[in-house]
Amino acid sequence: MPSSRSLAALVGIVLSGLALSACQDQASGQVVARNGLRLVETLSNPSIHGCHRFPEGVTHVNNQTQSSLLLYTTPDCTVPQGGQSTYLDIGAADQVVSAAGLWRSFSFAPE
């Protein structure tokens with residue numbers, strides 16, 4: 001019996017480890033995008049990899065995830081010449097400055 005309990009405990013630990021590592025590809029929480037007062041998009045547990053494009057330009061972004069974001073005025077997460085991205089920390093919100101244009105995409109900041 002002791003060996004079957006040890007094996008069961010080991011299998012449980014391995015399965016827990018696999019489950020936790022699978023979750024690391026997603027940011028826990030939501031990214032909420034608005035244009036003025038109108039809700040444009042709510043992304044739940046988005047992938048932390050790649051560029052995320054908003055369906056239209058947005059004026060407000062709330063980062064309710066456990067990861068920091070980079071906001072871009074371009075649709076492909078690139079910084080235009082003479083421009084910059086904006087860092088949005090965990091739990092923060094940002095309103096676009098009218099001279100910068102609307103936010104069109106975001107990516108997750110490297111840790």
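# A tour of the strands, rings and core

Select strand β1, residues 29-35, and strand β4, residues 60-65: the two run antiparallel and are joined by six bridges. Within this pairing, V31 has N63 of β4 as its bridge partner. This is a predicted model.

Keep β1 in view and add strand β2, residues 38-44. Again the two strands run antiparallel, with six bridges between them. Which residue of β2 is the bridge partner of Q30? Pick S44 and you have it. Next, select V32 and look across to β2, where T42 stands opposite.

Now go to the turn. Two residues lie between β1 and β2, and the strands form a hairpin. Click G36 in that turn; its phi is positive, about 70°.

**Step back to the whole chain**

Show the full protein chain. How many helices and strands does the protein chain have? There are one helix and eight strands. Starting at the N terminus, the helix comes before the strands, in the order α-β-β-β-β-β-β-β-β.

Colour by burial next. The protein chain has 111 residues, and 29% of them count as buried. Switch on the surface: about 7,000 Å² is exposed, and carbon and sulfur atoms supply 56% of that area. Then turn to contacts with a separation of 6 or more. Residues 24 or more positions apart account for 61% of these in the protein chain.

**The aromatic rings**

Display the ring side chains. The count of aromatic pairs is two. Begin with F54 and F106. Their ring centres are 5.4 Å apart and their planes meet at 35°, so this pair is tilted. F54 belongs to strand β3, residues 52-58, while F106 belongs to strand β8, residues 103-108. The two are 52 residues apart, and the pair links distant parts of the chain. Buried or exposed, what are F54 and F106? Both are buried.

Leave F106 selected and add F108. Here the ring centres are 5.8 Å apart and the planes stand at 80°, so the pair is edge-to-face. F106 and F108 are both buried. Show the three residues together: ring pairs make a cluster of F54, F106 and F108.

**The nonpolar core**

Stay with F54 and F106, and widen the selection. The largest nonpolar core has 13 residues. Those that touch the most other members are F54, V58, V61, L69, L71, W103 and F106. Which strands each supply at least two residues of this core? They are β1, β3, β5 (69-72) and β8. The largest share, three residues, comes from β8. As a general point, nonpolar side chains tend to be buried together in soluble globular proteins.

**A serine in β8**

Select S107, which also sits in strand β8. S107 has a relative accessible area of 11%, so this residue is buried. Show its side chain with that of Y72: the two make a polar contact at 3.3 Å. Now bring up the wider surroundings, leaving out residues up to four places away in sequence. S107 touches G50, S68, L69, L70, Y72 and C77.

**Two residues with positive phi**

Click C77, one of the residues that S107 touches. C77 lies in the loop between β5 and β6 (86-88). Its phi is positive, about 60°, although C77 is not a glycine. Its relative accessibility is 15%, so C77 counts as buried.

Move to N45, in the loop between β2 and β3. N45 is not a glycine either, yet has a positive phi of about 50°. Why does N45 count as partly exposed? Its relative accessibility is 36%, and partly exposed covers values between the 20% limit for buried and the 50% limit for exposed.

**Last stop: D94**

Select D94 in strand β7, residues 93-95. D94 has 21% relative accessibility, so this residue counts as partly exposed. Add T59, which is 35 residues away along the chain; the C-alpha atoms of D94 and T59 are separated by 8.2 Å. Finally, show the contacts of D94, leaving aside neighbours within four places in sequence. They are T59, H60, V61, L71, T86, L88 and W103. Among them, V61, L71 and W103 are also members of the largest nonpolar core.

Notes
Residues numbered from 1 in each chain as written. Heavy atoms only, no water. Pairing = 2+ DSSP bridges. Helix = DSSP H or I, 4+ residues; strand = E, 2+ residues; numbered from the N terminus. Buried < 20%, exposed > 50% of the residue type's maximum accessible area, 1.4 Å probe, protein only. Contact = heavy atoms within 4.5 Å. Areas by Shrake-Rupley, 256 points an atom, 1.4 Å probe, with all protein chains shown as cover. Phe/Tyr/Trp six-rings, centres within 6.5 Å; stacked < 30°, edge-to-face > 60°. Polar contact = N/O pair within 3.5 Å; in protein donor to acceptor, adjacent residues only side chain to side chain. Core = buried A, V, L, I, M, F, W, Y, C linked by side-chain atoms within 4.5 Å.
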